[in-house]
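Hi,

Here is the structure I promised to pass on. Have a look at it first, and then read my notes underneath.

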Amino acid sequence: MTEHTEPSTAPPGETGGPPSPEDAYLRRRTLRAGSAGPLLLTGLGVAYVVSGDYAGWNFGLAEGGFGGLAIAAVLMGLMYTCMVFALAELAAVLPTAGGGYGFARRALGPWGGFLTGTAILIEFVLAPAAIAIFIGDYVESLDLFGLESGWPVYLGCFVVFLAIHLWGVGEALRFSLAVTAVAVAALLVFVVGALADFSPGALDDIPVDEGAFGASSWLPFGLLGIWAAFPFGMWFFLGVEGVPLAAEETRDPARTLPRAMAWAIGVLLVLAALTFLAAAGARGSAAIQDAGNSLVTALEPDGETTGLSRFVNYAGLAGLVASFFSLVYAGSRQLFALSRAGYLPRFLSLTSRRRSPYLGLLIPGALGFALAAATGDGARMLNVAVFGATISYALMTLSHIVLRRREPGLPRPYRTPGGVATSGVALVLALAALVATFLVDRQAALIALGVYAVAVAYFAFYSRHRLVAAAPEEEFAALAEAEAELARD
């Protein structure tokens with residue numbers, strides 16, 4: 001029987017003796033350890049998602065009606081809850097910046113790790129570009145400083161918020177927590193105000209499509225509408241899976257990450273239920289199904305601006321800023337980990353004196369700005385991001401199942417309630433959500449597949465022959481392979 005060991009957590013070059021070439025390589029690619037505790041990580045998990053409570057989810061009413069979106073949101077909430085518990089176990093076992101890539105690398109090999117990491121990158125690089133466009137729309141609608149939505153606003157978003165990230169992770173996470181607190185508080189204020197005008201009869205006021213199978217007032221577009229609403233039910237939770245990407249910057253990650261992830265998904269489930277019911281019941285599902293600013297629309301039954309609706313409108317901008325800011329963080333850490341291990345060009349993982357992956361922030365930021373300025377199509381980019389997300393969900397939950405089956409003796413500081421049954425539920429629902437993206441925006445799904453094809457070609461013909469064995473995720477995987485060989489001998 002072999003003893004399980006883990007790679008050293010000592011800083012490169014501080015394990016005694018002169019630094020090896022591997023130490024020198026990793027020293028230039030080191031994040032600031034111990035910067036985040038449970039509160040900051042919980043805030044990070046909520047920040048990823050909070051903008052989705054303000055807008056976007058309501059378009060699912062046009063796909064499934066109130067009943068269809070309600071069922072879709074419940075199922076997607078179940079998927080995310082199960083997935084979060086599975087990822088909490090994996091994050092406690094493999095607390096590295098690679099997150100989902102690291103989990104899949106151990107369970108599914110280099111190809112599984114690369115495919116998972118690429119899917120996560122698609123999500124976390126395109127989503128900030130989409131949200132920058134939404135921020136521009138908000139700035140214009142609020143008539144802030146006379147600005148109109150366009151490239152100057154998008155550029156301002158990337159420049160200002162990337163600068164805070166470059167300043168340091170502790171400062172960045174504290175800023176994110178403060179903005180998120182404002183956005184969450186405003187959501188609760190909205191709920192109180194909207195519930196004052198709540199009417200159960202307003203929930204199912206969308207006209208029924210008599211030709212749809214299983215159509216009713218609660219399911220006006222029939223049973224298929226439930227499935228079509230899946231991607232919009234995801235908007236209440238999309239991004240919370242990014243918390244493990246902060247593992248190398250977390251104090252006591254084996255304990256802190258599971259706790260913070262559980263708190264974050266709990267907060268998001270409550271906010272989703274309250275926001276959905278209050279908004280649809282105050283003004284009616286039909287009135288908000290196509291609204292670009294659904295919460296404000298729900299507070300203005302006569303189309304006249306009130307003090308409360310204007311407050312919520314400003315708070316919506318805070319929610320968008322929180323999500324933009326945190327998604328930029330997640331994308332930079334996934335890119336950092338893939339680059340450090342050689343899956344992507346290695347120079348992208350270089351860190352500054354303040355231990356920020358500056359190229360991992362600047363290059364995706366430049367790409368996101370270019371996409372936002374060139375297309376102005378935030379909805380399409382967000383749909384592409386959702387497609388990438390569902391692929392990563394399927395691969396990460398599969399990784400949990402594989403590791404439970406193949407390495408039952410692996411020390412697990414935290415164990416998923418329900419074990420593989422929990423991750424199995426998440427896997428099935430993730431696959432259903434993946435197919436549902438084709439029902440909503442086939443072109444976005446095809447764009448994501450095209451990006452995937454280019455990335456796969458790069459890995460197949462170039463980078464898979466240049467992986468860095470000393471990278472933490474690769475070292476964990478190599479250790480598992482060595483132990484398996486010893487066990488066979």
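Below is what I found, starting with the salt bridges and ending with one helix.

A quick word on the ground rules: this is a predicted model, where local features need pLDDT of at least 70 and side-chain atom pairs count only at pLDDT 80 or more, while totals for chains, interfaces and linings use all residues. Residues are numbered from 1 along each chain as its sequence is written, and side-chain values use heavy atoms, with hydrogens and water left out.

**Salt bridges**

Side chains of opposite charge can pair when their charged atoms come close. I counted a salt bridge wherever a side-chain nitrogen of Lys or Arg sits within 4 Å of a carboxyl oxygen of Asp or Glu. That gives eleven salt bridges.

One of them joins arginine 106 to glutamate 407, at 2.7 Å from N to O. Arginine 106 belongs to helix 5 (residues 100–141) and glutamate 407 to the loop between helix 15 (378–406) and helix 16 (420–440), so this pair ties together parts that are 301 residues apart in sequence. (Helices here are DSSP runs of H or I, at least four residues, numbered from the N terminus.) Both arginine 106 and glutamate 407 are buried; buried means under 20% relative accessible area, exposed means over 50%, and partly exposed is in between, using a 1.4 Å probe and protein chains only.

Another pair is aspartate 441 with arginine 380, 2.8 Å from N to O. This one also links distant parts of the chain, 61 residues apart: aspartate 441 is in the loop between helix 16 and helix 17 (442–461), and arginine 380 is in helix 15. Aspartate 441 is buried at 10% relative accessible area, whereas arginine 380 is partly exposed at 23%.

Then there is arginine 255 with aspartate 252, whose closest N and O atoms are 3.8 Å apart. Arginine 255 is exposed at 53% relative accessibility, and aspartate 252 is partly exposed at 40%. Finally, Arg32, Glu171 and Arg354 are linked in a network of salt bridges.

**Helix 17**

Which residues of helix 17 are buried? They are Ala444, Ala445, Ala448, Tyr452, Ala455, Phe459 and Ala460. These cover an arc of only 135° around the axis (taken from the directions from the helix axis to the C-beta atoms), which puts them on the same side of helix 17. They pack against helix 5, helix 15 and helix 16, where contact means heavy atoms within 4.5 Å. The face turned away from that buried side carries the exposed residues Arg442, Val454 and Phe461.

Cheers

Technical notes:
Helices (H or I, at least four residues) and strands (E, at least two) are DSSP runs, numbered from the N terminus.
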